[in-house]
Structure formats: C-alpha cells, structure tokens
Amino acid sequence: MTQNPAKDDPKPDTESQDAAETTASETQTPDPLATAQAERDDFKDKLLRTLAEMENLRRRTEREIADAKAYAVTSFARDLLGSADNLRRALESVPETARATADNALKAVVEGVELTERELLKTLERHGVRKIDPQGEKFDPNLHQAMFEAPDAAIAKGLVSKVVQTGYKIGERVLRPALVGVSAGAPKPATNGSENPAADAGDNPAN
C-alpha cells in the first residue's frame, strides 16, 4: 500500500505570526501619560496664542478709538480754515497807517475782526487743530509745500523765507500744509568782464 506524503501543517506558522503581531501592537501602544502631556502642551500653546491675539486686538481697538476721537472733526475743521483765512486777509488789507488815523468806527471793526479770529483759532486749538507758521524754519516737505525758491541774503539756504499761506495740523496729522517760499541763499556776486570772451578777443585782435 502506497503511503501519502506527509503535508506541512500551516497552523503553527499562523499562530506564530499572530503572536508576533500581538507583541508588536503591544510594543507600539502609546503611553497615556505622554499623550496627556502632549495634549496639555498643545492646549497651552493655543491658549497663549489666543491671549496674544486678544491683547493685540485690544490695543488696536484702543488706538482706533483714540484716533476716532482725535480726528473726528477733521472734515469740519478743514471747512473752517477758509473762514480763518478770510479773517486774516481782512486784517491784512487794512494798512498800518490807516489804522493809526482811523476813526472810532473803523477801529471797532478791526478790533472785532481780530477778536473773531482769536476766538476761532482758540476753538480750533481746543479740538486739537494747531497753526503752522514756519517763518525762518527749515523747509520740511511733510509740513510745507514750496511755491517758489528765491535768493535771500538775510536767510540761509533751505529755510522758509516767506509764508504765503499758513498751514494747520490736527493731532499728528497735517490738515493743510503751509504754502511757503524757500530761500536759495545769498545771491551770487556778478562777475566782472564780458560774458563772451571769444567776442572780446575778436574785437581786439593781436598785432
């Protein structure tokens, strides 16, 4: 009688593979304490970030509220500058000689205009609007607008030699730049002799 060849039993191999997988899974099981610490650190980081963002938001909101209070009257103040200019022009249109010889009626009008101008400027100052009168100061393009540049022996180069129109600031912002003339320094002395040496040489040829 022929015997059947013996066959390998796969069962022992399967059991050994299952045991290896079980051991590996037990080895890879995370430590609950380490997991809790990682979650704690993550929550702490998120909390610190949130607190920082809230602090930045609070500061930004306070700054915006302060700016809104300081510059709320910007448009209204700018509209009043024309009235201030007209009052100044009215005063400057009356010569000093006319004031000295004026009758009581004219003096009363001039004094009334001066009083109105002072009160208007004081009102603007109470709301943070200040006058810019840079006569003799260094030209600053952030505050001044140059209308012309001319030689001036009395004022150094780069300084404001004439204020055409006063400017105004509100808080730290320019409400209207001052219109100014800038000194180009002392005029250059005229040079002696002809400006065309070639022409002079032609008029006096050598013998």
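# Salt bridges, a pocket and a ring

Let's start with Arg-99, which counts as partly exposed because its relative accessibility is 22%, and the cut-off for buried is under 20%. Keep in mind that this is a predicted model. Arg-99 has a salt-bridge partner in Glu-114, with the closest N and O atoms 3.2 Å apart. This pair ties together distant parts of the chain: Arg-99 sits in helix α4 (residues 96–101) and Glu-114 in helix α5 (residues 104–126), 15 residues apart. Glu-114 comes in at 24% relative accessibility, so Glu-114 is partly exposed as well.

Now step back for the overall layout. The protein has six helices and six strands. Walking from the N terminus, you pass the elements in the order α-α-α-α-α-β-β-β-β-β-β-α. Of the 207 residues in the protein, 18% are buried.

Back to the charges, then. The structure holds nine salt bridges, the Arg-99 and Glu-114 pair being one we have already met. For another, go to helix α2 (residues 32–70), where Glu-55 and Arg-59 lie four residues apart, about one turn of the helix. Their side chains meet in a salt bridge, at 3.1 Å from N to O. Glu-55 has 27% relative accessibility, so Glu-55 falls in the partly exposed class. Arg-59 belongs to that class too, because its relative accessibility is 49%, and a residue has to be over 50% to count as exposed. These two don't work as an isolated pair, either: Glu-55, Arg-58, Arg-59 and Glu-62 are linked in a network of salt bridges.

What about a salt bridge whose two partners are buried? Try Arg-176 and Asp-85, which are both buried. Their closest N and O atoms are 2.6 Å apart, and the two form a salt bridge. Here the link again joins distant parts of the chain, with Arg-176 in strand β5 (residues 173–176), Asp-85 in helix α3, and their positions 91 residues apart.

Strand β5 (residues 173–176) also brings us to the aromatic side of things. Arg-173 lies over the face of Tyr-71, at 3.8 Å from the ring centre. If you were hoping for ring-on-ring contacts, though, the count of aromatic pairs in the structure is zero.

Next, the empty space. Rolling a probe the size of a water molecule over the atoms shows where such space is left. The largest pocket has a volume of about 300 Å³. It is lined by 13 residues, and the closest to its centre are Arg-88, Glu-92, Val-164, Gln-165 and Thr-166. Which elements each supply at least two residues of that lining? They are α3 (74–92) and β3 (160–165). Helix α3 makes the largest contribution, with five residues. Sorted by class, the lining of the largest pocket has seven charged residues, four nonpolar ones and two polar ones. Helix α3 is also where we found Asp-85, the partner of Arg-176.

One last stop is strand β2 (residues 144–150), which is where you'll find Gln-145. With a relative accessible area of 40%, Gln-145 is partly exposed. How far apart are Gln-145 and Gly-181 in sequence and in space? They are separated by 36 residues along the chain, while their C-alpha atoms are 8.5 Å apart.

Note on methods
Residues are numbered from 1 along each chain as its sequence is written. This is a predicted model: local features need pLDDT of at least 70, side-chain atom pairs count only at pLDDT 80 or more; totals for chains, interfaces and linings use all residues. Side-chain values use heavy atoms; hydrogens and water are left out. On a 1 Å grid over the protein atoms alone, a cavity is a set of points where a 1.4 Å probe fits but cannot get out, and a pocket is an open set with protein on both sides within 12 Å along at least five of seven lines; lining residues have an atom within 4 Å of a point. Grid points are joined across faces, edges and corners, and a volume is the space filled by probe spheres set on the points. Ala, Val, Leu, Ile, Met, Phe, Trp, Tyr, Cys and Pro count as nonpolar, Asp, Glu, Lys and Arg as charged, and the others, Gly among them, as polar. Rings of Phe, Tyr and Trp (its six-membered ring) pair if their centres lie within 6.5 Å; planes under 30 degrees apart count as stacked, over 60 as edge-to-face and the rest as tilted. A charge sits over a ring if NZ of Lys or CZ of Arg is within 6 Å of the ring centre and within 35 degrees of the ring normal. A salt bridge is a side-chain nitrogen of Lys or Arg within 4 Å of a carboxyl oxygen of Asp or Glu. Buried means under 20% relative accessible area, exposed over 50%, partly exposed in between (1.4 Å probe, protein chains only).
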